[in-house]
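The following questions and answers examine a predicted model. Each answer reasons briefly and closes on the value or name requested.

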Amino acid sequence: GGLITLDPGYKNTGSCESAITFLNGEEGILRYRGYAIEDLAEKASFLEVAYLLIFGELPTQEQLDKLYKDIKKESVVDEEMKKILDGFPKSAHPMGVLSSLNNALIAFNPSSVNVDSDEDMYNAIIKLLAKFPVLVAWTLRKRNSQPLDYGDTSLGYVDNILKMMFKKPNEEYKVDPAISSALNKLLILHADHEQNCSTSTVRMVGSSHAGLFASISAGICALWGPLHGGANQAVIEMLEGIKQDGGDTKKYMKKAKDKEDSFRLMGFGHRVYKNFDPRAKIIKKSADEVLGNLGIEDPVLDIAKGLEKEALEDSYFVDRKLYPNVDFYSGIIYRALGIPTEMFTVMFALGRLPGWIAQWREMRLRKEPIGRPRQIYIGENHRDFKDIESR
Ligand code: CMC
């Protein structure tokens, strides 16, 4: 091998060429396949965006109908999967449950692994788009001790997800358009973000030709961490903690700046954005709208706004270009929609699914080589083996 360059965290290393998502962190620009995130969040449906990300173009009505028709046919999971879910304690973290269930899908859909033909690849993608929301809903229902059920595919993709999650036994469930539109927007805003930690994981695992489902399960685990998707849960826990501690935001700002203190302002900072995260701007506005529409007053929204204001005026945050990221306000909306805190990162995964699929598909179609970084060895040189008695 030649010279190895060291770049921990891959801060300056491109791992692939990609035509899916454009991100300019200096200017705060995000586009999916060339379309501005602001336009998509305002005007598109989540399923349209999924089609766009995966197949490269906005679908015609006919293409969208075909996609949803194919998804509907696959919208059940094997009944045996319920036993697996049953085996988890109720207290299990939903992200662990989701990644396990998603991996378990392979056992019941073995044909999803071999994707050598276009048709096999399409079928694996459809299966996942269809079954993943069922797993998400079941994960929530298990936590809430509610019977598991399938959805109602006479509804649209997002409305069906809401019904699968929230329908109570023996009660009619009517989708609230304000809730549906808020969730649609959040899912679109989370749908892709180029080579972030979980997406790189999906591509890396997929590069060994492990199947789509296994690659996605690995992505779910990567997303779980609080430095990545787990930040949305961590933000609300932080805001709640500040509230319970008397709402003294200044005290926490001080902690966040203290290098001896491990506390970080969760939902702030980003590896690539050195300006406002354009998703955070949209979500902040949406949080105000959703709470207004639903007539909810959430004191943590005021704490969040207070922290943001202080941070934007504080030289520590200004100098390091730390701005609110996508996770800062999203939890406040999820909570207004009735989604429990522990489920926030699951909702992120649901949104990110089309992006993961698109990136995995691109990696396979481009026949990328197996991912295999090198290292710079810093361990012991050759040592003579010593028998255990003489150590
Ligand atoms: N609070 C306080 N200080 C911070 C924060 C923060 N949230 N984020 C970064 N810094 C400081 C950091 O201590 C370092 O300071 P110094 O130069 O004095 O050592 C400087 O800013 C650069 O930070 P870094 O950790 O070297 O940057 P990174 O690119 O490795 O990390 C990050 C990016 C997102 C992991 C980090 O900003 C962070 O931990 N933020 C909080 C967690 C969070 O909100 N994550 C969600 C990310 S966005 C969506 C997603 O992926 O889910």
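Q: Which residue takes a positive phi in the hairpin of β1 and β2?
A: Strand β1 covers residues 21-24 and strand β2 covers residues 29-32. The hairpin has four residues between these strands. In this predicted model, the residue with a positive phi, near 70°, is G28.

Q: How many bridges join strand β1 to strand β2?
A: The two strands run antiparallel. In their pairing, T21 stands opposite Y32 in β2, and F22 stands opposite R31 in β2. The number of bridges joining β1 to β2 is four.

Q: Which strands are the edge strands of the open sheet?
A: The open sheet consists of three strands with antiparallel pairing, in the order β1-β2-β3. An edge strand here pairs on one side only. The edge strands are β1 and β3.

Q: Which residue in the loop between β2 and β3 has a positive phi although it is not a glycine?
A: The residue is found in the loop between β2 and β3. Its phi is positive, at about 50°, although it is not a glycine. The residue is R33.

Q: Where is K321 found?
A: K321 is not a glycine, yet it has a positive phi of about 55°. Helix α15 spans 315-319 and helix α16 spans 327-336. K321 is found in the loop between α15 and α16.

Q: Are α7 and α8 roughly parallel or roughly perpendicular to each other?
A: Helix α7 (residues 157-166) and helix α8 (residues 177-190) pack with their axes 10 Å apart and at an angle of about 110°. Angles of 65 to 115 degrees count as roughly perpendicular. Therefore α7 and α8 are roughly perpendicular.

Q: Which residues in α8 meet α7?
A: The crossing of α7 past α8 is right-handed. On the α7 side, the residues are V158, D159 and L162. By class, the contact has five nonpolar, two polar and one charged residues. The residues met in α8 are I179, S180, L183, N184 and L187.

Q: Why is α6 described as roughly parallel to α7?
A: Helix α6 (residues 118-143) and α7 have axes 8 Å apart. Angles under 35 degrees count as roughly parallel. The description of α6 as roughly parallel to α7 therefore follows from a packing angle of about 30°.

Q: How many nonpolar residues are in the contact of α6 with α7?
A: α6 passes α7 in a right-handed crossing. From α6, the contact is made by L129, P133, V134, A137, L140 and R141, and from α7 by Y157, I161, K163, M164, M165 and F166. There are no polar residues and two charged ones. The number of nonpolar residues is 10.

Q: What is the largest C-alpha distance for the residues of the UniProt annotation "active site"?
A: According to the unreviewed UniProt entry, the annotation covers H270 and D327. H270 lies in the loop between α12 (249-257) and α13 (278-293). Although the annotated residues are spread over 58 residues of sequence, they cluster in space. The largest C-alpha distance is 10.6 Å.

How values were computed
Residues are numbered from 1 along each chain as its sequence is written. This is a predicted model: local features need pLDDT of at least 70, side-chain atom pairs count only at pLDDT 80 or more; totals for chains, interfaces and linings use all residues. Side-chain values use heavy atoms; hydrogens and water are left out. Axes are lines fitted to C-alpha atoms, for helices over the stretch in contact, and angles run from 0 to 180 degrees between N-to-C directions. Angles under 35 degrees count as roughly parallel, over 145 as roughly antiparallel, 65 to 115 as roughly perpendicular and the rest as oblique. A crossing is left-handed if the near helix is turned anticlockwise from the far one by less than a right angle, and right-handed if clockwise. Contact means heavy atoms within 4.5 Å. Ala, Val, Leu, Ile, Met, Phe, Trp, Tyr, Cys and Pro count as nonpolar, Asp, Glu, Lys and Arg as charged, and the others, Gly among them, as polar. Two strands pair if DSSP finds at least two bridges between them. UniProt positions are given in the numbering used here, feature names are shortened, and annotations may be inferred rather than shown by experiment.
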